[in-house]
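These are my notebook entries on a single structure, kept in the order in which I looked things up. I began with the ligand and then turned to single residues.

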Amino acid sequence: METRSIRGFHDVLPEDAKRWHRVEETAKAVFELHGFSELRMPVLEFTEIFARSLGTTTDIVEKEMYTFADRDGSSLTLRPEGTAGVARSYIENSMWAKSPVTKIYYTGMMFRHERPQKGRYRGFYQIGAELLGPEEPASDAELISMVWNILEGTGITKYLTLEISSLGDGICRPQYKEKLVAFFAPERERLCEDCQRRLETNPLRILDCKVKGCSEIASRAPRMIDSLCADCASHFAEVREALDSAGVPYVVNPGIVRGLDYYTRTVFEITTGELGSQNAVAAGGRYDGLVEELGGPRTPAVGFAMGMERLILLHQAAFPEGFGREISVFIAHMGEEARKRAFRLASELRGLGISTEMEYGGKSLKSQLKRADKSGARLTLIIGEDEIRRGVVKVRDMDTGKEDETTEINPGLEIAGRLGGK
Ligand code: ATP
Ligand code: MG
């Protein structure tokens with residue numbers, strides 16, 4: 001048997017977990033500041049939920065989902081994104097009946113069968129949020145400015161650009177699609193095979209094609225943003241005005257086409273120049289038709305998701321010094337009696353909120369001190385037969401190398417005081 005993980009899946013190692021916690025905690029604090037609460041969802045849903053939400057002609061549904069049959073034959077899919085599950089839960093738990101505004105955030109692993117590269121995995125983590133109920137532009141602006149605040153809180157906005165656009169609604173988008181088809185039809189032979197098919201199934205997708213020939217033609221195509229109906233145009237103008245008033249820096253990029261079909265009106269992407277072709281860090285937008293599409297009442301909504309791995313890569317660039325494990329005290333001991341004493345002292349220190357490690361067995365003092373050194377502890381306590389007899393504990397300051405002794409018989413509080421004073 002080969003002992004290895006599945007291609008495209010990765011571990012977050014203990015030495016990196018602190019950095020992950022830091023980013024996650026920042027996000028959670030900003031969510032709470034905006035009145036959002038966490039929803040924990042299953043990672044598996046009926047395939048139908050994703051196919052209906054994302055659209056059957058999207059890349060995710062066509063090529064990237066992990067889909068398999070359950071024992072009873074029903075088709076299940078490992079979630080490729082979070083919004084569909086939130087919408088499913090919103091309907092199933094009648095959240096719409098409890099409040100006109102529902103604010104939800106989630107974190108967790110998503111699954112997409114893509115070609116793995118740096119910053120692109122088959123199993124990856126997202127943090128996201130959904131604001132369901134309101135359709136006013138202030139809700140779009142609140143959500144986008146919240147995303148920006150999270151990224152500011154993590155200290156990486158110097159690497160980022162926020163781009164926004166509008167994809168119109170059920171009134172102006174169909175008209176725009178006709179314009180697009182009329183534009184691309186004479187160019188049909190010069191489009192890639194996928195795009196020739198998209199011309200019939202989903203012409204908007206052509207704008208998103210990475211094939212050079214297609215993107216060249218697409219750059220001359222009519223733009224949605226010039227084809228918005230009056231309501232969509234004023235909605236977009238108000239989103240921009242609100243973002244301006246909140247001091248959120250953005251640029252309008254009419255070229256944004258999101259990879260999912262459910263978006264209407266506002267869409268946005270936060271990109272970076274630091275990660276090669278994995279340039280998208282966060283993305284989202286308005287999806288006024290999704291909840292209804294899944295069988296719920298008409299519920300306008302706006303949401304976003306960001307990729308943790310890409311965020312972490314930027315965080316490493318901004319703060320290369322790392323976020324190691326922090327331990328305050330290491331206890332070394334010599335002799336049976338001292339080991340018992342060390343164990344009691346370790347529990348006492350932890351009870352006082354001091355992170356403590358100790359040697360378990362009977363290693364030489366030299367090897368214990370080596371481990372103490374590696375542990376990054378600020379103080380090493382040493383207990384030997386002599387210390388037991390005299391009722392003291394030897395204390396070594398790991399920064400200065402200076403040694404002295406405690407004066408108290410129960411030294412917990414004394415050690416806490418020394419750590420506090422450092
Ligand atoms: P990309 O264009 O890079 O494939 P996407 O448009 O498919 O991104 P979304 O569906 O909008 O991505 O997901 C939101 C965020 O999740 C992305 O901006 C990115 O940071 C992250 N993400 C998406 N797919 C992956 C992946 N395979 N591995 C790591 N992170 C990902
Ligand atoms: Mg993708």
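**Entry 1: the ligand shell**

I looked up which element gives the largest share of the shell around ligand 1, and I found that β10 does so, with 4 residues. I note at the outset that the model is predicted. The elements that each supply at least two residues of this shell are β6 (123–132), β10 (280–286) and β11 (301–307).

I then listed the surroundings of ligand 1 and obtained 15 residues, the closest being Arg112, Glu114, Arg120, Tyr121 and Arg258. By class, the residues of the shell divide into 7 nonpolar, 3 polar and 5 charged.

Next I examined polar atom pairs. Which ligand atom lies 2.7 Å from an N or O atom in the side chain of Glu114? I found a nitrogen atom of ligand 1 at that position. For Arg112, a polar side-chain atom lies 2.9 Å from an oxygen atom of ligand 1. For Gln126, I read 3.0 Å between a polar side-chain atom and an oxygen atom of ligand 1. I then computed the cover: ligand 1 taken alone exposes 590 Å², and the protein buries 88% of that.

**Entry 2: domains**

I retrieved the domain division. Domain 1 comprises 14–172 + 228–318, and domain 2 comprises 329–420. Taken over C-alpha atoms, the centres of domain 1 and domain 2 are separated by 49 Å.

**Entry 3: His235 and Arg265**

I located His235 in helix α10 (residues 230–245). Is His235 buried or exposed? I recorded a relative accessible area of 6% for His235, so this residue counts as buried. Leaving aside neighbours within four places in sequence, I found His235 in contact with Glu135, Glu136, Pro137, Asp140, Arg265, Thr266 and Arg286. With Glu135 there is also a polar pair, in which the side chain of His235 reaches the backbone oxygen of Glu135 at 2.8 Å. I also took the C-alpha to C-alpha distance from His235 to Gly168, which is 9.7 Å in space for residues 67 apart in sequence.

One of the contacts of His235 is Arg265, and I followed that residue further. Arg265 is found in strand β9 (residues 264–272). Its relative accessibility is 11%, so I entered Arg265 as buried. The backbone of Arg265 has a positive phi of about 55°, although the residue is not a glycine. I noted this value because most residues other than glycine have a negative phi.

**Entry 4: Ser94**

I recorded a second positive phi at Ser94, about 45°, again in a residue that is not a glycine. Where does Ser94 lie? I found Ser94 in the loop between α4 (83–92) and α5 (95–98). The relative accessibility of Ser94 is 29%, which means that this residue counts as partly exposed.

**Entry 5: Ser53**

I placed Ser53 in helix α2 (residues 47–54). With a relative accessible area of 3%, Ser53 is buried, because the limit for that class is under 20%. I looked for a polar partner of the side chain of Ser53 and found the backbone oxygen of Ile49, which lies 2.5 Å from a polar atom of that side chain. Not counting residues up to four places away in sequence, Ser53 touches Ala84, Tyr262, Leu290 and Leu294.

**Entry 6: Gln368**

I turned to Gln368, which is found in helix α14 (residues 365–375). I read a relative accessible area of 0% for Gln368 and entered this residue as buried. Which residues does Gln368 touch, not counting those up to four places away in sequence? My list holds Phe330, Ile331, Ala332, His333, Met334, Glu359 and Lys363.

**Entry 7: Ile217**

My last entry concerns Ile217, whose place is in helix α9 (residues 212–218). At 0% relative accessibility, Ile217 counts as buried. Beyond four places in sequence, I found that Ile217 touches Phe183, Phe184, Glu187, Arg190 and Leu191. I also took a C-alpha separation for Ile217 and Thr26: these residues are 191 apart along the chain, and 42 Å separate their C-alpha atoms.

Methods. Residues are numbered from 1 along each chain as its sequence is written. Chains are lettered from A and ligands numbered from 1 in the order in which they are written. This is a predicted model: local features need pLDDT of at least 70, side-chain atom pairs count only at pLDDT 80 or more; totals for chains, interfaces and linings use all residues. Side-chain values use heavy atoms; hydrogens and water are left out. Buried means under 20% relative accessible area, exposed over 50%, partly exposed in between (1.4 Å probe, protein chains only). A polar contact is a pair of N or O atoms within 3.5 Å; within protein, one must be able to donate a hydrogen and the other to accept it, and residues adjacent in sequence count only if both atoms are side-chain atoms. Contact means heavy atoms within 4.5 Å. A residue is near a molecule or strand if one of its heavy atoms lies within 4 Å of it. Accessible areas come from the Shrake-Rupley method with a 1.4 Å probe; for residues, only the protein chains shown count as cover. Ala, Val, Leu, Ile, Met, Phe, Trp, Tyr, Cys and Pro count as nonpolar, Asp, Glu, Lys and Arg as charged, and the others, Gly among them, as polar. Domain bounds come from an automatic or database domain assignment.
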